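Biologist: Could you pick one part of this model and take me through it slowly? I'd like to see how it connects to the rest.

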Amino acid sequence: MQWTLVIPLKPLARAKSRLADTAADGLRPALALAFAQDTVAAALASAAVRDVAVVTDDVLAGRELAALGARIVPDEPGDGLNAAVAHGEAVVRASRPDSAVAALNADLPALRPAELTRVLDSAAQFPRAFLPDAAAIGTTLLAATPGRQLHPAFGLDSRARHRASGGRELRLTGVDSVRQDVDTGDDLRAALALGVGPRTTAAAARLLIKEQ
C-alpha cells in the first residue's frame, strides 16, 4: 500500500517554544525548519510513501519543503494541529478518494525511511492505527486506510485519546526514529543519540548541545 503523508507545521516563529531552555528565540525557527526538512526528506525516501502534503502558512517553510518535493497546502482553518491535519486529509482525498493517508509529526529529525516503511506496512493491516511517541503519551503517526477517516486527536494524552476512539495502537520494536519527536532539550538529545539528518545536525551544532 502506498501512502500520502499529511504533515502539519505551524509558523516557524511560533514553533518549539518548549525548547526555550535549550535554544534561544533566534535559533528555534531555524531548528524547527531543520526538523521539518529532515522529516520530509526521510519520509519521501520511504518505499511506502507516494507523496507528502505539508499543511503550513509559513512562507519560508513552504518554499524549502516544496524544494524537497512536498506539496504545500495552505492552512486555511488556522485553528491548530488537528484542524490542519483534517484539512490536509480533505485536500488529499478530494483529488484521490482512494488514498491511504497518514498524519506524521514534523519534528522527527532522526527519521529513518526503512523504519517508517515498517510502521506504514503494519498500519495497512488496520482501518485506523497510530504509533505512540517515545514518551508513550503522545502520537507521532496516525494512519487511515482507503475509505476511513483519520479523526485526529493530537495534543495532550493523544495516545489515550486515539486508542479510546478506536485506533489500533502499533506495538512495534526497532522503530525508535519514528517515535522520537522533539519538544524538549531532552528529546533533542535523544534524537541526536539516534542520529539526525544533515539539516538538524547543522542547526544543532549552533546550540553546542551534547549527546547523552
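**From one loop into the core**

Modeller: Let's start with A136, which sits in the loop between strand 5 and strand 6. Keep in mind that this is a predicted model. A136 has a positive phi of about 65°, even though it isn't a glycine. Is A136 buried or exposed? Its relative accessibility is 31%, so A136 counts as partly exposed.

Now go past strand 6 to another loop, the one between strand 6 and helix 5 (158-164). That is where you'll find H151, another non-glycine residue with a positive phi, here about 50°. H151 has a relative accessible area of 55%, so it is exposed.

Strand 5 (128-132) and strand 6, the two strands beside A136, each supply at least two residues of the largest nonpolar core. That core has 37 residues, and W3, L5, V52, L104, L116, L120 and L141 have the most contacts inside it. Other elements that put in at least two residues each include strand 1, strand 2, helix 2 (59-67) and helix 4 (113-123). Helix 1 gives the most, with 6 residues. For a feel of the packing, click on L120: leaving out residues up to four places away in sequence, L120 touches W3, L5, A48, V49, A102 and L141. Apart from this core lies another one, of 15 residues, with A23, A191, V196 and A204 among them.

Strand 6 (139-144) also leads us to helix 3, because the buried residues of helix 3 pack against strand 6, as well as strand 1 (3-8), strand 2 (49-55), strand 3 (71-73) and strand 4 (100-104). Which residues of helix 3 are buried? They are A84, V85, H87, G88, E89, V92 and R93. In an α-helix there are 3.6 residues a turn, so residues three or four places apart point the same way. You can check the length of helix 3 too: at 1.5 Å a residue, its 15 residues (81-95) should span 21 Å, and the end C-alpha atoms are 22 Å apart, which agrees.

Helix 3 has one more thing to show you. The largest pocket has a volume of about 1,100 Å³, and of its 42 lining residues, K10, K16, L81, D107 and D183 are the closest to its centre. Strand 1, helix 1 (28-44), helix 3 and strand 4 each give two or more residues to that lining, with the largest share, 3 residues, coming from helix 3. Sorted by class, the lining has 19 nonpolar, 10 polar and 13 charged residues.

Technical notes. Residues are numbered from 1 along each chain as its sequence is written. This is a predicted model: local features need pLDDT of at least 70, side-chain atom pairs count only at pLDDT 80 or more; totals for chains, interfaces and linings use all residues. Side-chain values use heavy atoms; hydrogens and water are left out. Helices (H or I, at least four residues) and strands (E, at least two) are DSSP runs, numbered from the N terminus. The expected span of a helix is 1.5 Å times one less than its number of residues. Buried means under 20% relative accessible area, exposed over 50%, partly exposed in between (1.4 Å probe, protein chains only). Contact means heavy atoms within 4.5 Å. On a 1 Å grid over the protein atoms alone, a cavity is a set of points where a 1.4 Å probe fits but cannot get out, and a pocket is an open set with protein on both sides within 12 Å along at least five of seven lines; lining residues have an atom within 4 Å of a point. Grid points are joined across faces, edges and corners, and a volume is the space filled by probe spheres set on the points. Ala, Val, Leu, Ile, Met, Phe, Trp, Tyr, Cys and Pro count as nonpolar, Asp, Glu, Lys and Arg as charged, and the others, Gly among them, as polar. A nonpolar core is a set of buried Ala, Val, Leu, Ile, Met, Phe, Trp, Tyr and Cys residues joined through side-chain atoms within 4.5 Å.
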